[in-house]
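Here are a few short exercises to work through with the model open in your viewer. Try each one yourself before reading its solution.

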Amino acid sequence: MTLPIISQTISKGEIKTTVNDKGDTLVIMNLEDAKFILSDLLQYEVTDSLLNIYVERDSLNTEKITLKDSIVEKLNLQNSNCKEIVTNLEEIISNKDSEIVLKEDTIKQQKKEIKKQKFLKFLGLAGSVILPILTLLTLL
Amino acid sequence: MFKSKIDIKTIFILVLGAVVILLLFRPSKDINTHEEELLNLETRNKVLLQDNDSISSINIELMNDVVILEEDVEEINIKLEDSTKEIEKLKKKKNEIPSNVIIMDANDVTYNIADYLERRN
C-alpha cells in the first residue's frame, strides 16, 4: 500500500470531484491544500474566540467607564460639598471676629466705667477725710 | 450766730459743691453689651455648624459609595487582566496552528476536519 503523502497525483490548487461505486461524491484535492484549508479553519475558529473575548472586553471597558464616570461625579459632588464647608467655616470665622469686636467694645466700656468708679471711690474717700478737717479748721 | 455765717460766699460754695456732686455722681449710662447682636451671631454660627455636620455626613456616604465603585472597578480590572491572558493564549495558539498542521499526515488532517465539522454542527 502506498503512503498518502507520496500518493498524490493531483496537483496543488486543483480540486476534482468523483462519484464512487457506492454513489458517494468524493472531493479530491492535494493534501497540502487540505492542510491549508484545515489551518485556515482552525485559525478562523480561534479568531472567533478572540472576537468573543474582545466583545466581552469592550463590554467590560464600557462598564468600567460608566463606573469611573460615577466615581468622578461623586468626587465632584464631594469637592463641591467641601467648598461649601469651607465657605461656612469662613463665615463662622467672620462671625467670631464680629463677636470679638463687640465684646472688645463692651470690655472697653466696662474698663471706662471701672476707671470712673475708682476715681469716684478715691474722691469719696478723700472727701470724707479732707472735708471734716477743713470744716474743723474753718470753725476753729 | 449760725445765720450770720451764711453769706454769699457760703452759698456760692454750697452751689458749687452741689454742681460738682451732680456732675460726678450723675447716673452712668448703661453699658451696651451687644447681647442681641451676639445672640444672632451665635445662632447663625450654630446653624452653619449644623449645616457642616450634614454636609460631612453626605460626604461620608459619598466616600463609601466611591469605595464600593472602586471595588467594582477593581473586579473589572481583574476580569480584563484575565481576558488579556486569554487573548495572549489564543494568539499563541493561532500562531502555532500552521506549524502544527504542516506536520500532520493525511489521517490527522481528515480527523481534524471531521472534528471541526462536528464542533460546528
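**Exercise 1.** Describe how α1(A) and α4(B) pack: at what angle, and how far apart are their axes?

*Solution.* This is a predicted model, and every value below is computed from it. Step one is to recall that two packed helices are described by the angle between their axes and the distance between the axes. Step two is to read off both: the angle between α1(A) and α4(B) is about 35°, and the axes lie 10 Å apart. Step three adds the handedness, since α1(A) crosses α4(B) in a left-handed sense.

Next, find the residues that make this contact. From α1(A) come A:L31, A:A34, A:K35, A:L38, A:L41 and A:E45, while α4(B) brings B:A106, B:V109, B:N112, B:I113 and B:Y116. Sorted by class, they give eight nonpolar, one polar and two charged residues.

**Exercise 2.** Now widen the view to the whole contact between the chains: how many residues does each chain bring, and which helix of chain B gives the most?

*Solution.* Start with the count: chain A puts in 47 residues and chain B puts in 47 residues. On the chain B side, α3 (35–102) and α4 (106–120) each supply at least two residues. The most come from α3(B), with 34 residues. Finally, split the chain B side by class: 26 residues are nonpolar, ten are polar and eleven are charged.

**Exercise 3.** Work out the fold pattern and overall dimensions of chain A.

*Solution.* Begin with the elements: chain A has one helix and two strands, and along the sequence they follow the order β-β-α. Then look at the dimensions. Along the principal axes, the C-alpha atoms fill a box of roughly 175 × 25 × 20 Å. The radius of gyration of chain A is 54 Å, whereas a compact globule of 140 residues would have one near 14 Å. As a last step, turn to burial: 3% of the 140 residues in chain A are buried.

**Exercise 4.** Place A:E32 in chain A: which helix holds A:E32, and is the residue buried, exposed or partly exposed?

*Solution.* First, locate it: A:E32 sits in helix α1 of chain A, which covers residues 31–139. Second, count its neighbours: 15 other C-beta atoms lie within 10 Å of A:E32. Third, apply the cut-offs: 20 or more would make a residue buried and 12 or fewer exposed, so A:E32 is partly exposed. To finish, compare its position with A:L123, 91 residues away along the chain: the two C-alpha atoms are separated by 132 Å.

Technical notes: Residues are numbered from 1 along each chain as its sequence is written. Chains are lettered from A and ligands numbered from 1 in the order in which they are written. This is a predicted model: local features need pLDDT of at least 70, side-chain atom pairs count only at pLDDT 80 or more; totals for chains, interfaces and linings use all residues. Helices (H or I, at least four residues) and strands (E, at least two) are DSSP runs, numbered from the N terminus. The radius of gyration is taken over C-alpha atoms; the globule rule is 2.2 Å times the number of residues to the power 0.38. Two residues are in contact if their C-beta atoms, placed from the backbone, lie within 7 Å. Ala, Val, Leu, Ile, Met, Phe, Trp, Tyr, Cys and Pro count as nonpolar, Asp, Glu, Lys and Arg as charged, and the others, Gly among them, as polar. Axes are lines fitted to C-alpha atoms, for helices over the stretch in contact, and angles run from 0 to 180 degrees between N-to-C directions. A crossing is left-handed if the near helix is turned anticlockwise from the far one by less than a right angle, and right-handed if clockwise.
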